[in-house]
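These are my notebook entries on a model that I opened for inspection. I set down each item as I looked it up.

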Amino acid sequence: MRRFVDLNIRDPGEPRVLMEMLELASKLGFKGIAIASERPAPQAWRDEARTLGIDLASRVDLRPRNTNELSKALRRVRRKFEIVAVHCENKAVSRQAAKDHRVDILTFPPLKTGRSRVSLDRQGASLAAKSNCAYEVSLSDLLDSSADERARVLVNLKRDIWNAEREGVPVLASSGAATPLRMREPRAIASITSLLGISEDQGLDAVSVIPIKILERNRAKLEPGFVSPGVREVEGCL
Amino acid sequence: MPVRGTGRRYLAISLDGGDAYSEQEVSDALYQAVRELFGYFGVSGLQPRLIEYDEETRKGIVRCSRSHTREMRAALALITEISNNDAAVRVTGASGTIKSLKANAASK
């Protein structure tokens, strides 16, 4: 049986609403949630989530304006958060983020922000595949857009996913919900990927296998004995 | 000679947010969501239909073409308002017959 994980629930700011969201997530069938916030999730929240059968992780979303800001921010947050996502708002940042092994998830604006839209192009996807960065599809991008914009968002996401699949970049899907009303069940999030040309199994993997892999890999990295992938200190060997 | 009918899928839905909605309002929202996402041609392919809706429990059953179940789920997921009120439609179960859908819902 699949274990579903939503790696992008935005911190609503109020603990009461957050608890409501955790309860709803449990009811909807999620086994794991990552809260996107400026500060790591406190242990009390994790304990509360565990009683509901949810594994809580903390995520940070970086919005650097240039590559220097990105490097500084990564140095500051990498050891504090389980998931690090970078919003690529210009091409230089997107290239640097795609190259950096400390970045877990790449997100792109769904619509044009300036003269042209920064997207996951083939070169960026190739770099992301080498550094094991995942591309994120957020349901909130579609929910927050008007009916007219939705068509454009779908075209843009489809193009990005085509590049991601071609270069072997893992694609993950999440809700991006900041309120309980914006939360959807895992299969609904997976079904959105059907609009983007992803097969049913890959769509379900995008809300289960891929986020779980990212979470497990990063938790292993955050363990005290970790040296580098595949190498860790073992107590009592020397 | 028996003729095989078109395959259908029944989805149990549950509404969240806003006021109490009438069956007509939910049905309209359902059609509108499919039409906005897939167009009139899509409506003919998905064949969406609200089979029943209980205003008190805010639960209902939606029927669609079996080969388009994923698209139907996507259209339902993208409903954000019903009659100008914020709302969410969530699928709580899916089955090939109304009988087994209700039996599954009762056993949960």
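Leaving aside its neighbours within four places in sequence, with which residues is Arg70(B) in contact? I kept in mind throughout that the model is predicted.

**Entry 1: Arg70(B).** I listed the contacts of Arg70(B) beyond four places in sequence and found Ala190(A), Ser191(A), Thr193(A), Ser194(A), Ile198(A), Ser199(A) and Glu200(A). I then located Arg70(B) in helix H2 of chain B, which covers residues 69-77. I looked up the relative accessible area of Arg70(B) and read 18%; Arg70(B) therefore counts as buried, the cut-off being under 20%. I also took the C-alpha to C-alpha distance from Arg70(B) to Leu46(B), which is 9.9 Å across 24 residues of sequence.

**Entry 2: the interface.** I turned to the two chains as partners. I found 18 residues of chain B in contact with 25 residues of chain A. Together the chains bury about 1,700 Å², and carbon and sulfur atoms account for 61% of this area. I asked which three residues supply more than any other three of the area that chain B buries against chain A. They are Arg70(B), Leu78(B) and Arg90(B), with 42%.

**Entry 3: chain B.** I recorded three helices and six strands in chain B, arranged along the sequence as β-α-β-β-α-β-β-β-α. For 108 residues a compact globule would have a radius of gyration near 13 Å, and I noted that the 14 Å of chain B agrees. The C-alpha atoms occupy a box of roughly 50 × 35 × 20 Å along the principal axes. I found 44% of the residues of chain B buried. The exposed area of chain B is about 6,000 Å², with 46% from carbon and sulfur atoms. I located the mean positions of its 15 positive and 13 negative charges 15 Å apart.

**Entry 4: chain A.** I counted 10 helices and nine strands in chain A. Its radius of gyration is 17 Å, which agrees with the value near 18 Å for a compact globule of 238 residues. I noted a C-alpha span of about 60 × 40 × 35 Å along the principal axes. Of the residues of chain A, 51% count as buried. Among contacts in chain A with a separation of 6 or more, I found that 70% join residues 24 or more positions apart. The accessible surface of chain A is about 11,600 Å², and 50% of it belongs to carbon and sulfur atoms. I closed with the charges of chain A: 40 positive and 32 negative side chains, with the centres of the two sets 5 Å apart.

Terms used
Residues are numbered from 1 along each chain as its sequence is written. Chains are lettered from A and ligands numbered from 1 in the order in which they are written. This is a predicted model: local features need pLDDT of at least 70, side-chain atom pairs count only at pLDDT 80 or more; totals for chains, interfaces and linings use all residues. Side-chain values use heavy atoms; hydrogens and water are left out. Helices (H or I, at least four residues) and strands (E, at least two) are DSSP runs, numbered from the N terminus. The radius of gyration is taken over C-alpha atoms; the globule rule is 2.2 Å times the number of residues to the power 0.38. Buried means under 20% relative accessible area, exposed over 50%, partly exposed in between (1.4 Å probe, protein chains only). Contact means heavy atoms within 4.5 Å. Accessible areas come from the Shrake-Rupley method with a 1.4 Å probe; for residues, only the protein chains shown count as cover. Lys and Arg count as positive and Asp and Glu as negative; His and the chain ends are not counted. The place of a charge is taken as NZ of Lys, CZ of Arg, CG of Asp or CD of Glu. Buried area is the accessible area (1.4 Å probe) that two parts lose on being put together, summed over both.
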